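Biologist: Pick one part of this model and walk me through it closely, please. I'd like to know how it sits against the rest.

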Amino acid sequence: MLVETVIAATLTYILMLLAFYYHRMRKFHVSAMVFIVLFDLTMPFYLYMTNDWKARLIDDGEIFSFLLWMHFGLLIALFVLYFIQIPAGRKLLRGDQSARDEHQNVAKGLLLVRALVIMSGALLVQADAV
């Protein structure tokens, strides 16, 4: 089941890349990014509701895994970057061009951190299969 979530996250990453490169198409860019942020915010709830985390984390002892804590830290970093990015994007939509550099730089960070989140999540899936 976790493999499907990695595939879905990878597809949304491709959508994110398209939104990054087609930022001048505002309706597409904004709607794609809103979808991606909502996807990322709801994914932990979906995973919580569809998996037996007590067995995996406590019974199997994976709670002490460095990879798990790195993934969790990357998720926190991703949400912090979203928290910075959204107000900058709203300023741009209002016509305030002073936020353009911040929005562009944070977008590059989001692309990097989100890729690392997806890769670390994929590694956690493989660790489960072994």
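Modeller: Let's take helix H1 and the turn-off into helix H2, after a quick look at the whole chain. This is a predicted model, so local features need pLDDT of at least 70 and side-chain atom pairs 80 or more, while totals for chains, interfaces and linings use all residues. Numbering starts from 1 along each chain as its sequence is written, and side-chain values use heavy atoms, with hydrogens and water left out.

The chain has five helices and zero strands (DSSP runs numbered from the N terminus: H or I of at least four residues for helices, E of at least two for strands). Its C-alpha trace spans about 55 × 25 × 20 Å along the principal axes. Of its 130 residues, 35% count as buried, meaning under 20% relative accessible area, against over 50% for exposed and partly exposed in between (1.4 Å probe, protein chains only). Among contacts (heavy atoms within 4.5 Å) with a separation of 6 or more, 68% join residues 24 or more positions apart.

Now H1 itself, which covers 2-21. Its 20 residues should span 28 Å at 1.5 Å a residue, and the end C-alpha atoms are 29 Å apart, which agrees; the expected span is 1.5 Å times one less than the number of residues. Which residues of H1 are buried? They are Leu2, Thr5, Val6, Ala9, Thr12, Tyr13, Met16 and Ala19. Because they cover an arc of only 125 degrees around the axis, they end up on the same side of H1 (the arc is taken from the directions from the helix axis to the C-beta atoms). Turned away from that buried side is a face carrying the exposed Leu11 and Tyr21.

Leu11 and Tyr21 also belong to a nonpolar surface patch of about 820 Å², together with Val3, Ile7, Ile14, Leu18, Tyr22 and Met25. Patch members have over 30% relative accessible area and no salt bridge; nonpolar side chains are joined within 5 Å, like charges within 9 Å. (A salt bridge is a Lys or Arg side-chain nitrogen within 4 Å of an Asp or Glu carboxyl oxygen.)

Following the patch past H1, you meet Tyr22 in the loop between H1 and helix H2 (26-50). Tyr22 is partly exposed, at 45% relative accessible area. One of its partners is His29, which lies in H2 and is buried at 18%. Leaving aside residues up to four places away in sequence, His29 touches Ala19, Phe20, Tyr22, His23 and His103. Ala19, you'll recall, is one of the buried residues of H1.

Conventions. Areas by Shrake-Rupley, 256 points an atom, 1.4 Å probe, with all protein chains shown as cover.
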